[in-house]
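Colleague: Please show me the model, and I will ask what stands behind the terms used for its helices.

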Amino acid sequence: MNYFREHYQTDTKIFIEIGSHCRECEFKVDNPSAEEKSGFHECWTSQLQLPVSEINQPKAYDVWYNPARSALEKGKFFMHELSENDLNIRPEAGKISRSERQWLQIEKTKNNNQSPHFDLDNLREELESWQFPLNFIDFETTAVAIPFMAGMHPYEQLAFQFSHHIVFEDGRVEHYNEYLNTEIGVFPNFDFIRALKDSLTINEGSIFRYHNHENTIVNVIYDQLRNSEESDKQELLDFIETISHNTGRNTKTWCGERDMIDLQKTVVNYYYDPITNGSNSIKAILPAVLQSSDYLQEKFQQQLASLNLTSKNFEASHVFLKMENGIPISPYKALPPIFEGWDNEKLEQVADSLSEIKDGGAALFAYGKLQFPEVKQEEREAIRNGLLRYCELDTLAMVMIYEYFREVCK
């Protein structure tokens, strides 16, 4: 405290050596000016004696999974300074290894090469292993410090929403089902898993999630069910075991015959696009595939009524994809804001630093607001409709990524 007090009293800047921790700097603007100062740029320009334009180059710590910590210690702060000697590149059979993917990012950045890279043979083999009809699901959940319901622990998960798209072998796409429970004080998890069971047991096709979240959540509900008195408890436990694998939190071991396939792993193992800047978030991958795919651009610039696609929340005249100066605009940007005065992108940015809610920030904040009884009915209905559109687009985004891979593999 004395250290901080002395610097504050004398208006003396505290020296902090630059490094990989700067990636999360809160005091940063991309183009600092007299009106908008950037503490990040002040540190980097003073310590490296470089102009702002050079400071804005891609950093060594921007490489996926940040493998360049030792390079930073050697004074290599920018991606163009890295070489193969800074990475331990080790190929892996049947996929792009992590180190190969990291070098792809570095090499394409250094060469200003914006073309996507595929491991086509293995991607094609992966797609051929999937069983139609294909089921794409996405969950929206929340875990807050002060629980909304009595008897719950701090940060215990609530699953309040899902969306389910089905892709048939003939190319038809159906928004088959959805679930949303925003009632005040109602524990949704068991009704959520019942609705999911009804939705996914209508066929025996492959089931897809994007990253680990959905598998983690059904494991949480599994534990909650085990400690419950629900009359259909065993039936629901059996269903969860069918579509998932156990995580470390469960003492019982299982891996279901329809264990959800992680579409993000398909992305990571067989595909890299420099547009994503190393991110594998669905919000980064979707714009990349839309920019690369003539097929998706031609298809989704048409009105919904002209597509071989059904929707529960969008009008027949809705157009999912718009172009600006020849560049696709993310369909998420076309969604009306869930909250007045806050667009969905801002809410995602607020949530971005919290890894557990990354890519689901807008929905999480919306659910939290709807737990307060003073929210007027008209606003509740508007937020509810926004949530339904947002979650539907999440599973449609997965469908678009699949369709891109399908076209590339033809």
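Modeller: This is a predicted model. Among the elements that cover the buried residues of helix H8 (213–226) are strand E2 (134–142), strand E3 (158–167), helix H7 (189–200), strand E5 (207–209) and helix H9 (233–243).

Colleague: What makes H8 largely enclosed by the rest of the structure?

Modeller: Buried means under 20% relative accessible area. By that cut-off 11 of the 14 residues of H8 are buried, so the helix counts as largely enclosed. The buried residues are Glu 214, Asn 215, Ile 217, Val 218, Asn 219, Val 220, Ile 221, Tyr 222, Asp 223, Gln 224 and Leu 225.

Colleague: How do you know that the span of H8 agrees with the expected one?

Modeller: At 1.5 Å a residue, its 14 residues should span 20 Å, and the end C-alpha atoms are 20 Å apart, so the two values agree.

Colleague: How does the span of H5 stand against the value expected at 1.5 Å a residue?

Modeller: Helix H5 (residues 98–110) has 13 residues and reaches 19 Å from first C-alpha to last, close to the expected 18 Å. Asn 112, which follows H5, has a positive phi near 50 degrees.

Colleague: Which residues of H5 are buried, and what do they pack against?

Modeller: Ser 99, Arg 101, Gln 102, Trp 103, Leu 104, Gln 105, Ile 106 and Lys 108 are buried. The buried residues of H5 pack against strand E1 (117–118), helix H10 (263–270) and strand E7 (271–272).

Colleague: Why are H11 and H15 called oblique to each other?

Modeller: The axes of H11 (residues 282–292) and H15 (residues 377–408) cross at roughly 50 degrees and come within 10 Å. Angles under 35 degrees count as roughly parallel and 65 to 115 as roughly perpendicular. The angle fits neither class, and the pair is therefore oblique. H11 passes H15 in a left-handed crossing. By class, their contact has 11 nonpolar, 1 polar and 2 charged residues.

Colleague: Why are H6 and H15 also described as oblique?

Modeller: Helix H6 (residues 120–128) and H15 pack at about 120 degrees, with axes 10 Å apart. Roughly perpendicular covers 65 to 115 degrees, and roughly antiparallel needs over 145. The value lies between these ranges, and the two helices are therefore oblique. The crossing of H6 and H15 is left-handed.

Colleague: Which residues make the contact of H6 with H15, and how do they divide by class?

Modeller: Leu 120, Leu 123 and Leu 127 of H6 meet Tyr 402, Phe 405, Arg 406 and Val 408 of H15. The residues of this contact are 6 nonpolar, no polar and 1 charged.

Technical notes
Residues are numbered from 1 along each chain as its sequence is written. This is a predicted model: local features need pLDDT of at least 70, side-chain atom pairs count only at pLDDT 80 or more; totals for chains, interfaces and linings use all residues. Side-chain values use heavy atoms; hydrogens and water are left out. Helices (H or I, at least four residues) and strands (E, at least two) are DSSP runs, numbered from the N terminus. The expected span of a helix is 1.5 Å times one less than its number of residues. Buried means under 20% relative accessible area, exposed over 50%, partly exposed in between (1.4 Å probe, protein chains only). Contact means heavy atoms within 4.5 Å. Axes are lines fitted to C-alpha atoms, for helices over the stretch in contact, and angles run from 0 to 180 degrees between N-to-C directions. A crossing is left-handed if the near helix is turned anticlockwise from the far one by less than a right angle, and right-handed if clockwise. Ala, Val, Leu, Ile, Met, Phe, Trp, Tyr, Cys and Pro count as nonpolar, Asp, Glu, Lys and Arg as charged, and the others, Gly among them, as polar.
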